[in-house]
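Me: Hi! I'd like to talk through a model with you, starting with how its pieces pack. Here it is.

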Amino acid sequence: MNHTLTGQVAKSRRLVASEQELRQAIARELPAAGLGDLVVMGGHFMLFEDPSSGRLTPGVIEEQPDETMRGRIAGRVGIFPGYTWRMSIGLLGEYAAAGADVRLLLLINDWQYVPTGGRPASELRAEFFAGLSALPPSYEEALREAGLSQESVLPSRKHPLAFPETWLKYRFQKAADRLVKEGRLEKRYLDSGPRDTEVAFLDGDGNYRTLISCGVTGCAGEITEMVSEVYRAGHRNLLIFAPGECLMPVETGVDIALSLYDLPGMRVVIADPGGSGEMSAEEIYGNLVTVSTFRR
């Protein structure tokens, strides 16, 4: 396991080779005894277009009756959404039994696979979230089996059941304008054109970490905003189950959030069990899973 200290943010990282080792690592980094609160981000999914209806649908295998859609989602994200949702619920029960105030957080990728032809993407997104009055049925069933309800889900200021990624991106863009004026972020002009700019964070090691490029907020920027929102909601411990391909930008977003904002006492643990088409626990842990911890 590696330990580093950058500025006032302490970091550590380890690799695990089984779900048991993952749970043990989480228990070490987030000991239940004396833990006052915990937010668990699990069940993260993308939105895909349902070709039969033209509407957006959760990229969760268990939610798709059509074999073509199931195959498309399986090849892209595998069992990650349902697997991490069920694991999050199990952890919620364990920490709640120890006396912690525990909530689930559902982050939805509402931009990456939203079609750009036909109806406007903003209209498709608005339609999906307006109809999201309950969690996907397989998610609801997992909660019921654990004796829980959607009351266990942390609402965002945008939606009672979800944190939409597009909303987080827009929020960070607004915050970035202020942070540039305050000198806490840097705006730089790119060689590609006089109007092409990027907004970056200069870390303690002297490295620039890009958050917005040519007006587009990356994943790190939205995660920075999500951590801030969780802190604003009164929580100080956050566990994130992130897809493996997103691990680096998620780590960057968390690191920047703890360095950029005044978030004393915040602790974030990140794990990446799959998310790139793995269809079994053997596949997930055969590739090893990273567990990273950031403390302010």
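Me: Which strands does helix 8 lie across?
Reply: Happy to help! Just keep in mind that this is a predicted model. Helix 8, residues 247-260, lies across strand 10 and strand 11. Its direction is at about 100° to strand 11, which covers 208-213.

Me: And what's the strand order in that open sheet?
Reply: The order is 9-10-11-12, four strands with antiparallel pairing. Strand 9 (186-189) and strand 12 (216-217) are the edges, each pairing on one side only.

Me: How many bridges join strand 9 to strand 10?
Reply: Four, and the two strands run antiparallel. As one example, Lys187 has Val199 in strand 10 as its bridge partner.

Me: Switching topic: how many aromatic pairs are there?
Reply: The count is five. One of them is Phe48 with Tyr113, a stacked pair at 5.1 Å centre to centre and 10° between the planes. Phe48 is in strand 4 and Tyr113 is in the loop between strand 7 and helix 4, so the pair ties together parts 65 residues apart in sequence.

Me: Are those two rings' residues buried or exposed?
Reply: Phe48 is buried, at 1% relative accessibility, while Tyr113 is partly exposed at 29%.

Me: Why is the pair of Phe163 and Trp167 called edge-to-face?
Reply: Because their planes are at 65°, and over 60 degrees counts as edge-to-face. The ring centres are 6.3 Å apart. Phe163 is buried at 2%, and Trp167 is buried at 13%.

Me: Last one: which ring does the charged end of Arg188 sit over?
Reply: The ring of Tyr208, 4.1 Å from its centre. Arg236 also lies over a ring face, that of Tyr231, at 3.5 Å from the ring centre.

How values were computed
Residues are numbered from 1 along each chain as its sequence is written. This is a predicted model: local features need pLDDT of at least 70, side-chain atom pairs count only at pLDDT 80 or more; totals for chains, interfaces and linings use all residues. Side-chain values use heavy atoms; hydrogens and water are left out. Two strands pair if DSSP finds at least two bridges between them. Contact means heavy atoms within 4.5 Å. Axes are lines fitted to C-alpha atoms, for helices over the stretch in contact, and angles run from 0 to 180 degrees between N-to-C directions. Rings of Phe, Tyr and Trp (its six-membered ring) pair if their centres lie within 6.5 Å; planes under 30 degrees apart count as stacked, over 60 as edge-to-face and the rest as tilted. Buried means under 20% relative accessible area, exposed over 50%, partly exposed in between (1.4 Å probe, protein chains only). A charge sits over a ring if NZ of Lys or CZ of Arg is within 6 Å of the ring centre and within 35 degrees of the ring normal.
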